[in-house]
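Here is a small set of exercises to work through with the model open beside you. Try each task before you read its solution.

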Amino acid sequence: MEKDFEVLPHTADIGIIAYGLDMAEAFSNAARGMFSLITELNSIGETERRDTQLTAPDPESLLVAWLNELIYLFDVENIIFKRFDITLFGGTELKATSYGDKVDPARHQLKIGIKAATYHMLKIEENSGFKVQVLFDI
């Protein structure tokens, strides 16, 4: 893939278009893209890890659930992530380990607050690889 993700400007919110050779890689890149909106990825270490296991009725719902779970961990445990190892992926289930750091104001300059991943303009497309698009409520 040429690029992992790109920022999608939107009138009131902000979004990500993420790419991958398979859907798991696109989901991982969507998470990286989301955290790049919050702070610079190169400022994040890998001192913390969290395992996640999710199921959803369809891939679109799984993408929203996955990103919202990561937002929850950021909000509640104050962990910001930069690497995502998806170990199991089916269209309706996901198992992953996420790596990051506890937020440290000396190292992590927070740019924007993301409240949630939304279903607005949500897309998953397969062409020569996968492309996912998601907007965030900020």
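**Exercise 1: a helix and its surroundings**

In helix H2, the buried residues are Ser61, Leu62, Leu63, Val64, Trp66, Leu67, Leu70, Ile71, Leu73 and Phe74. Buried means under 20% relative accessible area, exposed over 50%, and partly exposed in between, with a 1.4 Å probe and protein chains only. Helices (H or I, at least four residues) and strands (E, at least two) are DSSP runs, numbered from the N terminus. A word on the source: this is a predicted model, in which local features need pLDDT of at least 70 and side-chain atom pairs count only at pLDDT 80 or more, while totals for chains, interfaces and linings use all residues. Residues are numbered from 1 along each chain as its sequence is written, and side-chain values use heavy atoms, leaving out hydrogens and water.

Task: find what the buried residues of H2 pack against, then describe the span and the ends of this helix.

Solution, step by step:

1. Start with the neighbours: the buried residues of H2 pack against H1, strand E3 (48-55), E4, E5, strand E6 (116-117) and strand E8 (129-137). Contact here means heavy atoms within 4.5 Å.
2. Next, the span. H2 covers residues 59-77, which is 19 residues, and reaches 26 Å from its first C-alpha to its last, close to the 27 Å expected at 1.5 Å a residue. The expected span is 1.5 Å times one less than the number of residues.
3. At the N-terminal end, Asp58 acts as the cap, with a side-chain oxygen 3.2 Å from the backbone nitrogen of Glu60.
4. Just after H2 comes Asn78, with a positive phi of about 60°. Asn78 belongs to the loop between H2 and E4 and is partly exposed, at a relative accessible area of 37%.

**Exercise 2: aromatic rings**

Task: how many aromatic pairs does the structure hold, and which rings are linked into a cluster?

Solution, step by step:

1. A pair of aromatic rings is described by the distance of the centres and the angle of the planes. Rings of Phe, Tyr and Trp (its six-membered ring) pair if their centres lie within 6.5 Å; planes under 30 degrees apart count as stacked, over 60 as edge-to-face and the rest as tilted.
2. With that rule, the structure holds 6 aromatic pairs. One of them is Phe27 with Phe89, edge-to-face at 4.9 Å centre to centre and 75° between the planes.
3. Place this pair on the chain: Phe27 is in helix H1 (residues 23-38) and Phe89 in strand E4 (residues 79-90), so the pair ties together parts 62 residues apart in sequence. Phe27 is buried at 0% relative accessible area, whereas Phe89 is partly exposed at 25%.
4. Now take Phe81 and Phe84: their ring centres are 6.3 Å apart and their planes meet at 55°, so this pair is tilted. Both Phe81 and Phe84 are buried.
5. Finally, the cluster: ring pairs link Phe35, Trp66, Phe74, Phe81 and Phe84.

**Exercise 3: charged side chains**

Task: count the salt bridges and say which residues share partners in one network.

Solution, step by step:

1. Side chains of opposite charge can pair when their charged atoms come close. The rule asks for a side-chain nitrogen of Lys or Arg within 4 Å of a carboxyl oxygen of Asp or Glu, and the count comes to 10 salt bridges.
2. Arg83 and Glu46 form a salt bridge at 3.0 Å, N to O. This pair links distant parts of the chain, with Arg83 in strand E4 and Glu46 in the loop between H1 and E3, 37 residues apart.
3. Both partners are partly exposed: Arg83 has a relative accessible area of 35%, and Glu46 has 37%.
4. Arg50 and Glu77 form a salt bridge at 2.6 Å, N to O. Here Arg50 is in strand E3 and Glu77 in helix H2, 27 residues apart.
5. In the salt bridge between Asp101 and Arg107, the N to O distance is 2.2 Å. Asp101 is buried at 3% relative accessible area, whereas Arg107 is partly exposed at 42%.
6. The network follows: salt bridges that share partners join Glu48, Arg50 and Glu77.

Notes
Polar contact = N/O pair within 3.5 Å; in protein donor to acceptor, adjacent residues only side chain to side chain.
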